[in-house]
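Here's a quick tour of a structure, starting from the inside and working outwards. Have a look at the model first, then read on.

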Amino acid sequence: MQIKKTDCSPTNLEIVNKTIPKMPDMKILYELSDFFKVMGDSTRIQLLWALDINEMCVGDLAVLLNMTKSAVSHQLKILRTAKLVKATKQGKNVYYSLDDNHVKTILEKALEHTNE
């Protein structure tokens with residue numbers, strides 16, 4: 001990362017120069033931004049919380065959240081694409097759960113921060 005020309009001068013160039021090599025690549029930052037956009041939807045947060053508690057199928061999630069199966073499926077597809085949930089087929093049903101423990105940790109830390 002380089003210092004770009006802006007309309008101001010750094011107050012402390014030493015701190016700026018020390019920070020530059022520690023900044024993630026812009027591609028990574030855009031991906032992180034997209035991650036938070038997915039997490040920033042209240043319906044998807046409800047789905048994630050439900051799946052943090054129990055593995056569930058679309059029908060059960062629809063009843064729990066008072067939504068249509070179609071609407072739940074649409075949101076689950078977004079969460080799967082973002083690698084936040086995974087699907088497991090059991091007989092005729094597909095059950096959803098959090099993709100990994102990182103998702104659980106992010107949810108719990110976010111709630112902790114919100115409750116401060």
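Which residues of the largest nonpolar core touch the most other members?

## The core

This is a predicted model, so keep that in mind throughout. The largest nonpolar core has 21 residues, and the ones touching the most other members are Leu48, Leu51, Leu61, Leu76, Leu79 and Leu84. Two or more residues of this core come from each of α2 (26–39), α3 (42–53), α4 (58–65), α5 (69–81), β3 (93–98) and α6 (101–114).

Leu76 is a handy residue to click on. If you skip its neighbours within four places in sequence, Leu76 is in contact with Leu51, Val58, Leu61, Val85 and Tyr96. Leu51 and Leu61 also turn up among the core residues that touch the most other members.

## The largest pocket

Next, the empty space. The largest pocket holds about 170 Å³, and two or more of its lining residues come from each of α2, α3 and α6. α6 gives the most to this lining, with five residues.

What lines the largest pocket? Going along the chain, you meet Phe36, Met39, Gly40, Ile45 and Trp49, then Ile106, Leu107, Ala110, Leu111 and Thr114. Sorted by class, that lining is eight nonpolar and two polar residues, with no charged ones.

## Salt bridges along α2

Now for the charges: the whole structure has five salt bridges. One of them pairs Glu31 with Lys27, whose closest N and O atoms are 3.3 Å apart. Why is the helix a natural place for this pair to meet? Because Glu31 and Lys27 sit four residues apart in helix α2, they are separated by about one helical turn. Glu31 is partly exposed at 43% relative accessibility, while Lys27 is exposed, with a relative accessible area of 55%.

α2 has another pair to check out. Asp34 and Lys37 form a salt bridge at 3.8 Å, N to O, and these two lie three residues apart in the helix, about one turn. Asp34 counts as partly exposed at 43% relative accessibility, and Lys37 is exposed at 56%.

## Salt bridges along α6

Over in α6, the side chains of Lys109 and Glu112 meet in a salt bridge, again 3.8 Å from N to O. Lys109 and Glu112 are three residues apart in helix α6, so about one helical turn separates them. Glu112 is partly exposed, at 45% relative accessibility.

There's also a network to look at: salt bridges with shared partners join Asp52, Lys104 and Glu108.

Definitions and conventions: Residues numbered from 1 in each chain as written. Predicted model: local features only at pLDDT ≥ 70, side-chain atom pairs only at ≥ 80, totals over all residues. Heavy atoms only, no water. Core = buried A, V, L, I, M, F, W, Y, C linked by side-chain atoms within 4.5 Å. Buried < 20%, exposed > 50% of the residue type's maximum accessible area, 1.4 Å probe, protein only. Contact = heavy atoms within 4.5 Å. 1 Å grid on protein atoms, 1.4 Å probe; cavity = no way out; pocket = protein on both sides within 12 Å on 5 of 7 lines; lining within 4 Å. Points joined across faces, edges and corners; volume = space filled by probe spheres on them. Nonpolar A, V, L, I, M, F, W, Y, C, P; charged D, E, K, R; others polar. Salt bridge = Lys/Arg side-chain N within 4 Å of Asp/Glu carboxyl O.
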